[in-house]
Every structure is written in C-alpha cells, then in structure tokens.
Amino acid sequence: MRLRGTARINARNHLEIGGCDTVELARRFGTPLYVMDEALIRENCRAYREAFASEAGGMVLYAAKTFLTTGMARLVDEEGLGLDVVSGGELYTALAAGFPSERIYFNGNNKSPAELEEALAARIGGVVVDNPSELALLSDLAARRGQRVAVLLRIAPGVQAHTHEYIQTGQADSKFGFPLVGGVALAGVKEALSASHLDLRGYHCHIGSQILALESYRAAVRAMLEFAAEARAATGYAPEVLDLGGGLGARYTADDDPPPIEELARTMRAAVAEEAAAHGLPCPTIFVEPGRSIVGEAGTTLYTVGAIKDIPGVRRYVAVDGGMTDNPRVALYQAVYEAIVANRAADAPSEVVSVAGKCCESGDMLLWDAALPPVERGDLLAVFTTGAYNYSMASNYNRLPRPAVVLVGGGRARLLVARETYADLIRLDLIPEDLARPEEKRLPAARQAP
Ligand SMILES: *Cc1c(COP(=O)(O)O)cnc(C)c1O
C-alpha cells in the first residue's frame, strides 16, 4: 500500500499523519474523524500556483465545494489561490473567513437572484454565467446596481471525459453550460457583449471529475478555441481568459495513477497555445479550478470497528461507526477506497472483508472485498483519500452527528470543525404550538415555532 503525503508507520506500528499518531487522534477527538494533512494540501496548492499562477493573469481557483470550512479558506488564502464557489453558503463561508473577494469566482447552474446580489455586493472577482436565463438576470441586477461585473461564459463543449457518468459534465446533453448546438453559445456571447454592465472576460468549461487521461483536456481546448474562433468571426471578440475548470483525478487505489499537476499544466498550455495559433487568436490566459487533486489524498477517515459478522461461504462484514453519512461516494458512484488497520498498520493483509457503515441502508458500504489483517472489535480503521467530497457531502441521516475535522501537521492537531453533538441535531427543530404539551406552553418563545 502506497501511503499518501506525510502518512507513515511509526515505531508502535501505528499509522501516523502530519507527525500525529492516529491512535492518539482517535482517543483525543473520537471517531469517525476526518484527518487532513496540512503539508500535502499546501504542497498541492503550491504546485498549482507555480504551474499556473506564475503566468501573467493566470488564476488557480480552489473548488470550494470539494472541502470548505473557514479554516480551510484561510489556508487557501495563505497559499495565494483564488476560490471557486457554487452557492451563497460557500460565498458566505469564504467572506466570513476574510477571504479576499476579488479572488472569488461564482459557478453553478442556478444561482438565485439573492445569491447573485450577494456576489455583487461583495464585489467578487467574477461570475461564471451558466445559461441564457442567468445572463439576462445578472445583466439586469448589475445594471440596477449601476455596477459592472466581470463574467466568463460557461460553455458545454460536447466533450465526454473518461470518468463515471455521474461526474461527467462536459457532454452536450448536460444541465451545465451554454450548449454549442443551435447557436445558443454564440447568441450568449453577443448578448454579453451588448450588456452595458457585463464585462465579458472569456470562456469557461469543466468537463468532469476524477480525470486521469489528459487527452480529455486536449479535446476540450480544441472545442473551446474552435468556438472562440467562430465567435470572433461573428462578433470580432476574442477571449482574454480561458477557464478550463477542475477535474484532475486523485489516487484512490493502486489502479488510479493521476498525472502530476505540472504535466496537466504543460498539456493545457501547449494545447491552448497550439489551438490559438491555429485559429489566429491571441493566446488566452488560463484559469483552472482544481478541487479533488488538492485535498483528495490529503484526507483520511478514522473509524472504530464494531460488529463483525460472518455469512459462511459468502463474506465477512466488518461494521464501523460511520458510513454513508460521512462518505456517501460509495453509494453514489460505486467509489473504491483503500484502507488499513491503523493500530496494526504494517501487519500484512490476510483476509478479505467488506466494510459496512452503520446506517439503515444496504447500500451503506465503505469497501467491498478489502484485503486487511485480521480485524477485531475496537480496531481503528483508516480509509484513505477521503479529503474531497466527503465532509462536504456529509449528512445527518439516521441522526448521526457529523464527525470532527482535524488539521494535522508538524506533530500538531487542530480542529477545523468540531464534532456535532446530539444537541446540534435538534438545534433547528421546532415543536408547533398545537403540538406543545400543557407544561411547555409557558416555555420561552424561542422554543416554539414562530
Ligand atoms: C466540481 C467543479 C470543479 C472541481 O472539480 P474537481 O474534480 O474536484 O477538481 C471545478 N469547477 C467546476 C465548475 C466544478 O463544478
């Protein structure tokens, strides 16, 4: 098993991350526990910044939806990256952390008028406009405020990335982006150019996630610059910025071998330069929006093993104290993970077991047929590459409190998110007046429905 980032096995045969013994982390913070490797996050941010942001005007926008907390926003700011948000809630989180608004871009296929107002009020760096309806809405809102806003148009380039169907986003039949078919994208460019309060900076595409073959990006660049040439022929406008989205894969198992960030940058730059030259277009500046490739491998989830059940001749189920509530990706996408027994980290695998969650769903599984050393109740299981789309997709199904998130580095462990309590679970619950018991009628109004 190849360990990620600063993970190693210490003299006590325990898994250690960021210089912290995971057995001690589990004792101190409880399980399930998300452990984030600070050094690996920073290293990935730097690799992106050096590969892309060194170019004049180039921008690396960390995709907030992957994993965002106020502390994470601070870390991203310290590393000098921008932020790609997709909701008012993500924008709010970034602003609450004091993230510089001019480095925030707003993506998403259905931003509400209120969210666009929030973005305009914060004077964010730009809005990635997804569709004709949003273009009209934003143009109107910006004009009413008398405020000019930078925009990129998200184009659906009609490129199928080689990845799971549910995380493909660039194909023609997608809920995302202006379609190239039927002249919809071209009409969008004309509309944006004629809108008095929109400053069209360029085009955007995002073809999918967990992409391991760079050829998909080359195809996207080809399609985007072909469109740029067509739009210039029709309008005279050439894009200054080409945002190629996120999507670079992470290593979940030995089968995943994502190319290094530097290679992604080289491929994108060469493709953009080549295609721009072929069409006689000025070479646009590249923006990227990585998420998974920055935090995916930096996250490890620790679980305590509970019930173990044998079905003779079928399989052994090992149940842990979390599951689809902290990691819904297995149920959602049949995602495959690797795990080790963290308190006997170097022990050789000797049996094949399936690791189940504790939720009331048969699909609530974390690993099918994983090779592990003999596992007992009370063991600590570490599941790797859970930094992306785990905490951010977590739920309270079965009223399980969401786990804490701890940032580890240099032997220190600091909470990014506290563990939810039972009290947190009912914090927003209200008992309507007509369901109140007589003795509750005298309780303060705060306990009653408004
Ligand atoms: C999800 C998303 C990203 C990040 O994708 P990763 O695969 O995590 O790198 C970037 N841009 C947009 C528009 C997205 O929707």
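Two strands count as paired here if DSSP finds at least two bridges between them. With that in mind, the tour of this predicted model can begin at a strand with two such partners.

**First stop: strand 19 and its partners**

Select residues 380–384, which make up strand 19. This strand is mostly covered, with 5 of its 5 residues buried. Display the side chains next. In a regular strand the side chains alternate between the two faces of the sheet. Here Leu380, Ala382 and Phe384 point one way, while Leu381 and Val383 point the other way.

Now add residues 299–311, strand 14, which pairs with strand 19 in the antiparallel sense over 5 bridges. To see one place where the two strands meet, select threonine 301, which stands opposite valine 383 of strand 19.

Then add residues 339–341. This is strand 16, also paired with strand 19 in the antiparallel sense, over 3 bridges. Select isoleucine 340 and look across to alanine 382, its bridge partner in strand 19.

**Second stop: an open sheet of three strands**

Move to the beginning of the chain and select residues 8–9, 15–17 and 20–21, which are strands 1, 2 and 3. They form an open sheet in the order 1-2-3, with antiparallel pairing. Strands 1 and 3 stand at the edges with a single partner strand each, so one side of each has no neighbour in the sheet. Between strand 2 and strand 3 there are 2 bridges. For a view of this pairing, select glutamate 16 together with aspartate 21, its bridge partner in strand 3.

**Third stop: the aromatic rings**

How many aromatic pairs does the structure hold? There are 7. Select tyrosine 105 and phenylalanine 287 to view one of them: the arrangement is edge-to-face, with 5.6 Å from centre to centre and 90° between the planes. This pair links distant parts of the chain, since tyrosine 105 belongs to strand 7 (residues 104–106) and phenylalanine 287 to strand 13 (residues 285–288), 182 residues apart. Both tyrosine 105 and phenylalanine 287 are buried.

Next, select Tyr34, Phe67 and Tyr391, which ring pairs link into a cluster. After that, select phenylalanine 99 with arginine 103. Arginine 103 lies over the face of the phenylalanine 99 ring, at 5.4 Å from the ring centre.

**Fourth stop: the ligand**

Select the ligand and the residues around it, 16 in number. Which of them come nearest? They are Lys65, Ser209, Gly247, Glu289 and Tyr389.

Three contacts can be inspected in turn:

- At glycine 247, a backbone N or O atom lies 2.8 Å from an oxygen atom of the ligand.
- At glutamate 289, a polar side-chain atom lies 2.6 Å from a nitrogen atom of the ligand.
- At glycine 291, a backbone N or O atom lies 2.9 Å from an oxygen atom of the ligand.

Show the surface at this point. Taken alone, the ligand exposes 390 Å², and the protein buries 95% of that.

**Fifth stop: backbone details in the loops**

Select threonine 31 and proline 32. The peptide bond from threonine 31 to proline 32 is cis, with omega near -10°. Proline 32 is placed in the loop between helix 1 (22–29) and strand 4 (33–37).

Continue to glutamine 210, in the loop between strand 11 (198–204) and helix 8 (215–235). Its phi is near 55°, a positive value in a residue other than glycine. Is glutamine 210 buried or exposed? Its relative accessibility is 11%, so glutamine 210 counts as buried, the cut-off for that term being under 20%.

Select arginine 399 next, in the loop between strand 19 and strand 20 (404–409). Arginine 399 has a positive phi as well, about 55°, although it is not a glycine. With a relative accessible area of 44%, arginine 399 is partly exposed.

**Last stop: glutamate 420 and arginine 402**

Finally, select glutamate 420, found in the loop between strand 21 (412–417) and helix 12 (422–425). Glutamate 420 is buried, with a relative accessible area of 18%. Add arginine 402 to the selection: a polar contact of 2.7 Å joins the side chains of glutamate 420 and arginine 402.

Conventions. Residues numbered from 1 in each chain as written. Predicted model: local features only at pLDDT ≥ 70, side-chain atom pairs only at ≥ 80, totals over all residues. Heavy atoms only, no water. Helix = DSSP H or I, 4+ residues; strand = E, 2+ residues; numbered from the N terminus. Phe/Tyr/Trp six-rings, centres within 6.5 Å; stacked < 30°, edge-to-face > 60°. Buried < 20%, exposed > 50% of the residue type's maximum accessible area, 1.4 Å probe, protein only. Lys NZ or Arg CZ within 6 Å of the ring centre and 35° of its normal. Near = heavy atom within 4 Å. Polar contact = N/O pair within 3.5 Å; in protein donor to acceptor, adjacent residues only side chain to side chain. Areas by Shrake-Rupley, 256 points an atom, 1.4 Å probe, with all protein chains shown as cover.
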